[in-house]
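Work through the two exercises below with the sequence and the 3D view open beside you, and try each task before you read its solution.

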Amino acid sequence: MKLKEVVFEIENIFSMKQAEAFDNVGLLCGNPEREITGMLVCHDALESVVDEAVESAANLIITFHPIIFSGLKSLTGKNYVERAVMKAIENRIAIYAIHTAFDNDYFGVNFGICQKLGLKDQKILMPKSENLKTLEVMVPSEHADAVREALFSAGAGGIGFYDQCSFSHTGTGTFRPLPGSDPFSGSQGDRSSVLEEKVSVIFESYKQSRTVAAMKKAHPYEEVAYNIIRLENENQYSGLGRYGEFDEPMSSADFLRFVKEKFNLPVIRHSNLVSEQIKRVGVLGGSGASGISAALAVGCDAYITGDVKYHDFFGAENKMVICDIGHYESEQFVTQQLFDILSENFRKFAVSKSIRNTNPVNYFL
């Protein structure tokens, strides 16, 4: 497969459009026309990981963190980012980053954390807002099924674990073709009435152009009457963080011991142990101080994340236990998750998992 074909398939698996605006996801370097002979999945595409790709004959690195995050103004090898990118280019190795597209994925980073903890009744902690829209289109009743199928094929009509969702009701439409028109029905200068259906479907904002294009292609009218409505609904299946509950509550001390064992941690930084019983737990892999207030709002007894600063711990308001287990440590299952997904979907070349530990933080115990 060519790189551009692999990228197309990856972006059918992971929605890059749900990545955060500040992020730098997608193809970072590589010739789209090059044939891919092997894929290496990693957490950080450092120089040592590029060496690993060379050793394993992989010419595509799928990385969680983007090695190029801010703009590069030169490539001279003066820092770890430039050295990694230069080595990849010199060895004809492409780099593709997934990062917050997987953070926001329903079955992404935070799903993996919750599964490791054994949490039940899981929900998105900070659902994405203002990224849903509704399309309403008026179509002659005899053509409604064709337009509906076209909308579904474009990815519209998906709600959570359901697809091909729509709503229709019938009415009478009127129109008068003017000079210069080429009407599907009726005659120029005469007002016509026709039995129509209003077909409504929901879609994520990034699908708008292809949804509208598919609708117009399938629609018989020269001029299509349709509305696009921005919804205030939160998308309960996309967003940062996650929370769920244990079958049985445990004491704060037992909870910390449990987390330490499950994540194989040398240490946990935490706020005051104000929760006598821990049952509802929120998680956000990586730098997650931004989710503290959301975890409080949904009644979490504890919140697990990384990179919590001194003043962020006060955000617990003595109502919740904040646990900083480390940035890398909170994301440690990501490489395995991505490897499992990609190896299942790509069978034409070898998919391997990096064995390099790229965590830059060490502990002296």
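Residues are numbered from 1 along each chain as its sequence is written. The model is predicted, local features need pLDDT of at least 70, side-chain atom pairs count only at pLDDT 80 or more, while totals for chains, interfaces and linings use all residues, and side-chain values use heavy atoms, with hydrogens and water left out.

**Exercise 1.** Start from the pair Thr 174 and Ser 193, and work out which strands stand at the edges of the sheet.

*Solution.* Ser 193 in S8 is the bridge partner of Thr 174. Strands here are DSSP runs of E with at least two residues, helices are runs of H or I with at least four, and both are numbered from the N terminus. Two strands pair if DSSP finds at least two bridges between them; S7 and S8 (residues 192–204) are joined by 9 bridges and run antiparallel. Next, read the order of the open sheet of 4 strands, S7-S8-S6-S9, with antiparallel pairing. S7 (167–175) and S9 (226–230) each have a single partner strand, so they stand at the edges.

**Exercise 2.** Which residues of helix H8 (residues 252–262) are buried, and how are they arranged around its axis?

*Solution.* Buried means under 20% relative accessible area, exposed over 50%, and partly exposed in between (1.4 Å probe, protein chains only). The buried residues of H8 are Ser 252, Phe 255, Leu 256 and Val 259. They fall within an arc of 100 degrees, taken from the directions from the helix axis to the C-beta atoms, so they line one face of H8. On the other side, Arg 257 and Glu 261 are exposed.
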